[in-house]
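Please report on the fold, strand pairing, charged pairs and aromatic contacts of the protein shown here.

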Amino acid sequence: MTYALMGLAMVLVLPQTQHKDARGLVAWAVLFLGLGFATAALRTHSVAAPVLSFRYYGPVEGRIIGIDQSSSGRIRLTLDRVRLARTSFQKTPERVRVSVSSDQALPSIGATVATTAHLMPPQGPSEPGGFDFRRLAWFSELGAVGYTRKPVLVLQPAQSALAIQRFRARLSGMIQHRIAGETGGVAAAIIAGDRVGVSQETLRVLRGSNLAHLLAISGLHMGLLSGFVFSFIRVVLCLWPAVALRCNVKKIAACAALMAAVAYLAISGGNVATERAFIMVSVLLVAVLLDRRAFSLRAVAVAATLVLLRRPETLLSPGFQMSFAATTALVAVFGAIRDHQLGLGPAWLRPVLTVVVSSAVAGLATAPYGAAHFNTLAHFGLLANVLAVPIIGLVVVPSAVLALCLAPLGVEEVGFLFS
């Protein structure tokens, strides 16, 4: 009934969009609001999957499609192709997540495993207005969560499916093997989006200093990576006269940077911030190919529209809100600086002032959302970002790119020496 009334309202206001006055503006607002709710409803129904309606204890069998770490530090396995004893196929969840003991060897992603576990339905908020895990689980097609104290047995090794996920796991393992200690865990989080090797104490310190965004593959990482690849390819081609005098090396470098951004999106896990960063980088690089200006709020709007069309539920998530708040503020401020031809001091001081301004703008833009979602404010965020971001851009990202390029030759240690 609700959807029928919404559709009727959209049909009724459609002719009013032809007006050029306030009536047309209101009609467009109603139309887009209806389209937004329709998109959200379509997404909600498209991910509908069985949810466990009772507490279960018994055999659990499934294929591992994800490995992550809980806030308490326990390793969690996400399984699909689930089979539960004494449970019909129609009532079996599409996916379940099981916390396991950290003192046992973890199977690889793609392996079919079995264990004996306690499962229960995803729970709702623990307080009014609190985090609604049940809502997140619905859109993740997660029908049950639980834990096991029994060993996890491998029934079948990983097959050819889930190639990207298995590549990410191997890449993370290789990084943590080459870089000892928690430094390797941080490097794996920055390169492959795998936070399993990062302790909760480190995460707490990073959040308190407003540096947690360095672990989330977002606009900073995607921009630095694509910018480094673009600059490197362009400089190398300019040093080759036979190519520089006959080809548009700027567009060749843009194509190489776009391919690097696609590869980084694939190995990063593809969260909201990464998708937003990839779309914006893609818009920018395509604009370079078309000889158009790309540094504008239109790119932000395009990224937000595409992300919401694919996953409209992310509108209420802190990742979407903080990511787009920071990006919108940065594009608006630096766009105004560009349009009004405002200088940021002498040339030798400009990089430092750019980092200071960008850190201050992003911090102010995301502070209300951080306070609302996490009940905290970072008091030393500006200073911490001014000190950390240049190191990430000048040392960590180039070293990571060098290590990944040298990995097929087996000499990736050369890149990791600088990280």
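## Burial and overall make-up

Of the 419 residues in the protein chain, 40% count as buried. Buried means under 20% relative accessible area, exposed means over 50%, and partly exposed lies in between (1.4 Å probe, protein chains only). This is a predicted model: local features need pLDDT of at least 70, side-chain atom pairs count only at pLDDT 80 or more, and totals for chains, interfaces and linings use all residues. Residues are numbered from 1 along each chain as its sequence is written, and side-chain values use heavy atoms, with hydrogens and water left out.

The protein chain has 15 helices and 6 strands. Both are DSSP runs numbered from the N terminus: helices are H or I with at least four residues, strands are E with at least two. The exposed surface of the protein chain is about 23600 Å². Carbon and sulfur atoms supply 67% of that area. Accessible areas come from the Shrake-Rupley method with a 1.4 Å probe; for residues, only the protein chains shown count as cover.

Contacts in the protein chain reach across the sequence. Among those between residues at least 6 apart, 66% join residues at least 24 apart. A contact here means heavy atoms within 4.5 Å.

## Strands 1 to 3

Strand 1 (residues 56-69) and strand 2 (residues 75-84) pair in the antiparallel sense over 8 bridges. Two strands count as paired if DSSP finds at least two bridges between them. The two form a hairpin, with 5 residues between them. In the turn, G73 has a positive phi of about 95 degrees. Q69 stands opposite I75 of strand 2.

Strand 2 also pairs with strand 3 (residues 95-100), again antiparallel, over 6 bridges. Within strand 3, R97 is the bridge partner of T78. Of the 10 residues of strand 2, 8 are buried, so this strand is largely enclosed by the rest of the structure.

## Salt bridges

The structure holds 4 salt bridges. The criterion is a side-chain nitrogen of Lys or Arg within 4 Å of a carboxyl oxygen of Asp or Glu. Side chains of opposite charge can pair when their charged atoms come close.

Which residue meets E313 in a salt bridge? The partner is R43, at 3.0 Å from N to O. This pair links distant parts of the chain, 270 residues apart. E313 sits in the loop between helix 11 (297-310) and helix 12 (318-339), while R43 belongs to helix 2 (residues 22-46). E313 and R43 are both buried.

Two further salt bridges join strand 1 to strand 2. R63 and D80 meet at 2.8 Å, N to O. R63 is in strand 1 and D80 in strand 2, 17 residues apart. Both R63 and D80 are buried.

R83 and E61 meet at 3.8 Å, N to O. R83 lies in strand 2 and E61 in strand 1, 22 residues apart. R83 is exposed, at 55% relative accessible area. E61 is partly exposed, at 24%.

## Aromatic pairs

The count comes to 3 aromatic pairs. Rings of Phe, Tyr and Trp (its six-membered ring) pair if their centres lie within 6.5 Å; planes under 30 degrees apart are stacked, over 60 edge-to-face, and the rest tilted.

F228 and F232 form a stacked pair: 6.1 Å centre to centre, with 20 degrees between the planes. They are 4 residues apart in helix 7 (residues 219-238), so about one helical turn separates F228 from F232. F228 is partly exposed at 27% relative accessibility. F232 is partly exposed too, at 49%.

The rings of F320 and F324 have centres 4.5 Å apart and planes at 40 degrees, so this pair is tilted. F320 and F324 both lie in helix 12, 4 residues apart, or about one turn of the helix. F320 is buried at 7% relative accessibility. F324 is buried as well, at 7%.

## A nonpolar surface patch

Which residues join F32 in a nonpolar patch on the surface? They are W28 and L35, and the three together have about 310 Å² of accessible area. Patches are made of residues with over 30% relative accessible area and no salt bridge; like charges are joined within 9 Å, and nonpolar side chains (Val, Leu, Ile, Met, Phe, Trp, Tyr) within 5 Å.

F32 is found in helix 2. F32 is exposed, with a relative accessible area of 53%.
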